[in-house]
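Please look over the sequence and the structure before reading on, and keep both at hand. The paragraphs below go through the strands, two loops, the ligand site and the cysteines in turn.

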Amino acid sequence: MAVVRYLSTRGERDQERPGFGDILLAGLAGDGGLYLPERYPRVDASTLADWRRTLLQDGYAALAAKVIGLFVDDIPSEDLRALCHRAYNAQVFSSAEIVPVSELGNGIWLSHLSTGPTAAFKDLAMQLLGQLFEYQLARTGTVLNILGATSGDTGSAAEYAMQGRAGIRVFMLTPAGRMTPFQQAQMFSIDDPAIVNVAVDGVFDDCQDLVKAVAGDAAFKEQYRLGAVNSINWARLVAQVVYYVASWLRATTADDQQVSFTVPTGNFGNICAGHIAREMGVPIARLVLATNENNVLDEFFRTGVYRVRGAAETHATSSPSMDISKASNFERFIFDLLGRDADRVRHLFGELLPSQGYFDLSDTPEFAAISERFGFVSSSSTHADRVATIARTWREYGVLIDPHTADGVKVAGEFVQPGVPMIVTETALPVKFAETIVEAIGVEPERPARFDGIEDLPRHVVDLPNDAEALKSLIRSHVDA
Ligand SMILES: *Cc1c(COP(=O)(O)O)cnc(C)c1O
């Protein structure tokens with residue numbers, strides 16, 4: 001097994017570089033940077049051929065164990081295989097293929113990342129995370145209380161992945177009355193004393209501030225073993241690399257055949273895994289980044305200026321899971337773009353961004369080569385684009401897509417190259433965003449049987465004032481009980 005050690009994008013040099021298990025439960029590195037492996041594993045033609053056989057003969061979980069195994073040297077491979085099989089199977093996902101791939105037409109394909117319990121792509125990473133956390137906590141004899149805030153998809157994916165796991169409790173804050181009825185029903189119907197839904201009298205930013213206030217109390221955090229499952233978690237990215245490999249395999253027949261991906265993006269989490277897959281040598285021509293009206297990342301790839309925005313400048317759109325104005329995983333890509341120069345990354349993200357709110361790479365040779373070297377191009381869409389794309393995809397192909405996927409399909413159409421399948425990652429099912437679907441095609445989206453009647457189930461949620469002390473009391477009352 002190759003040795004895999006991790007470093008921080010801001011250059012922290014631990015005496016002993018941490019391994020996968022050491023950073024699994026960690027958030028940021030000690031210097032405020034993000035963890036990445038010292039180098040990406042490179043795969044050759046024979047590995048790609050082996051992966052093709054593995055996916056076709058043994059399925060997605062077996063492929064996952066092989067791909068993820070390249071990043072992990074401190075979990076025995078038979079254990080990793082078992083964890084992958086427990087995460088990725090037809091009891092958990094509604095398709096035995098886990099990630100089916102289908103052809104729409106005109107060179108555009110869909111990679112279906114929404115077959116999991118909460119019908120959003122975050123299930124693919126979270127389900128593995130649930131297995132890995134439980135395994136690691138058991139090995140180290142510790143417990144974990146996950147504290148998070150959600151406006152929708154992340155929180156429910158986390159709860160479905162963590163429920164019933166030994167040693168894990170979840171406190172998930174939501175803005176009272178501000179999620180869709182479907183999203184509320186998904187989370188609040190979970191009947192498990194270790195899953196604590198909290199409805200805060202406030203908006204999403206208030207929920208996040210409460211989490212920061214409570215997790216920022218170091219003594220409390222230590223005593224109550226608080227942790228997070230946010231999108232900077234390295235294991236989530238590794239889990240996502242697998243579906244880039246699987247989607248490439250399913251859309252091709254030869255191991256040197258290239259594909260491109262279009263990825264609807266907010267936090268740069270999903271597409272960052274595509275970048276890693278490409279760096280490993282998976283034959284990916286282009287990575288097409290698609291944003292909605294919150295086009296911070298599109299602006300960077302077009303102009304070289306990365307300018308984060310405040311809450312007041314963040315639009316509430318019909319693809320709400322991409323309403324993000326500060327892309328928490330972006331630092332990882334910039335680290336690679338700048339030839340892994342940690343001093344420059346520290347200057348950009350640790351100094352310029354906090355002080356002036358933007359940085360500008362437009363005059364650098366690295367930005368000039370961004371598309372050629374890393375395959376990135378980008379564009380964005382509006383509400384009208386999404387509605388038109390949902391209607392057209394329904395009319396022309398008989399396929400109903402959700403508004404986030406519609407951002408992707410709209411942008412994909414601008415970059416299709418002859419002979420190169422353009423795979424759009426489908427990030428959610430339409431049923432989660434019924435209002436926009438009705439606006440586009442005039443009928444309600446079909447509801448998969450597994451979501452029948454969830455609004456009628458008993459609700460498990462506690463109300464909380466917007467107050468950090470009240471949140472601490474709530475945590476104490478559950479943990480000390
Ligand atoms: C989270 C999410 C996204 C954005 O993913 P990032 O990793 O933040 O880029 C897109 N679509 C849906 C449905 C999501 O839940």
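Two strands are said to pair when DSSP finds at least two bridges between them, and strands themselves are DSSP runs of E covering at least two residues, numbered from the N terminus. The model considered here is a predicted one, and a good place to enter it is the hairpin of β3 and β4, where two residues stand between the strands and N106 takes a positive phi near 55°. Within that hairpin, β3, which runs over residues 101-105, pairs with β4 in the antiparallel sense, over four bridges. One of the residues to look for is E103, whose bridge partner in β4 is W109.

On its other pairing, β4 is joined to β14, made up of residues 422-426, and here the sense is parallel, with five bridges between the two strands. W109 takes part in this pairing as well, since its bridge partner in β14 is I423. W109 can therefore serve as a landmark, because it has a bridge partner in β3 and another in β14.

How much of β4 is buried? Five of the five residues in this strand, which spans 108-112, are buried, so β4 is largely enclosed by the rest of the structure. In a regular strand the side chains alternate between the two faces of the sheet. In β4, I108, L110 and H112 point one way while W109 and S111 point the other way, and all of them are buried.

Two loop residues deserve a careful look at their backbone. I98, which lies in the loop between α4 (77-87) and β3, has a phi near 65°, a positive value in a residue other than glycine. With a relative accessibility of 2%, I98 counts as buried, the cut-off being under 20%. R340 also has a positive phi in a residue other than glycine, near 60°, and is found in the loop between α13 (330-337) and α14 (342-356). Is R340 buried or partly exposed? Its relative accessible area is 25%, so R340 is partly exposed, a class that lies between the buried limit of 20% and the exposed limit of 50%.

The ligand is surrounded by 14 residues, of which K122, D153, G266, N267 and N270 come nearest. Sorted by class, this shell holds four nonpolar, eight polar and two charged residues. An N or O atom in the side chain of D153 is 2.6 Å from an oxygen atom of the ligand, whereas G266 and N267 approach through their backbones: an N or O atom of the G266 backbone lies 2.9 Å from a ligand oxygen, and one of the N267 backbone lies 2.7 Å from a ligand oxygen. Of the 380 Å² of accessible area that the ligand has on its own, the protein covers 97%.

The cysteines complete the tour. Which cysteine sulfur is closest to that of C84? The closest one belongs to C272, but the separation is 20 Å, which is too far for a bond, given that a disulfide calls for two cysteine sulfur atoms within 2.5 Å. Seen from C272, the closest cysteine sulfur is likewise that of C84. C84 counts as buried, at 0% relative accessibility, and C272 is buried too, with a relative accessible area of 1%. A search of the whole structure finds zero disulfides.

Note on methods:
Residues are numbered from 1 along each chain as its sequence is written. This is a predicted model: local features need pLDDT of at least 70, side-chain atom pairs count only at pLDDT 80 or more; totals for chains, interfaces and linings use all residues. Side-chain values use heavy atoms; hydrogens and water are left out. Buried means under 20% relative accessible area, exposed over 50%, partly exposed in between (1.4 Å probe, protein chains only). A residue is near a molecule or strand if one of its heavy atoms lies within 4 Å of it. A polar contact is a pair of N or O atoms within 3.5 Å; within protein, one must be able to donate a hydrogen and the other to accept it, and residues adjacent in sequence count only if both atoms are side-chain atoms. Accessible areas come from the Shrake-Rupley method with a 1.4 Å probe; for residues, only the protein chains shown count as cover. Ala, Val, Leu, Ile, Met, Phe, Trp, Tyr, Cys and Pro count as nonpolar, Asp, Glu, Lys and Arg as charged, and the others, Gly among them, as polar.
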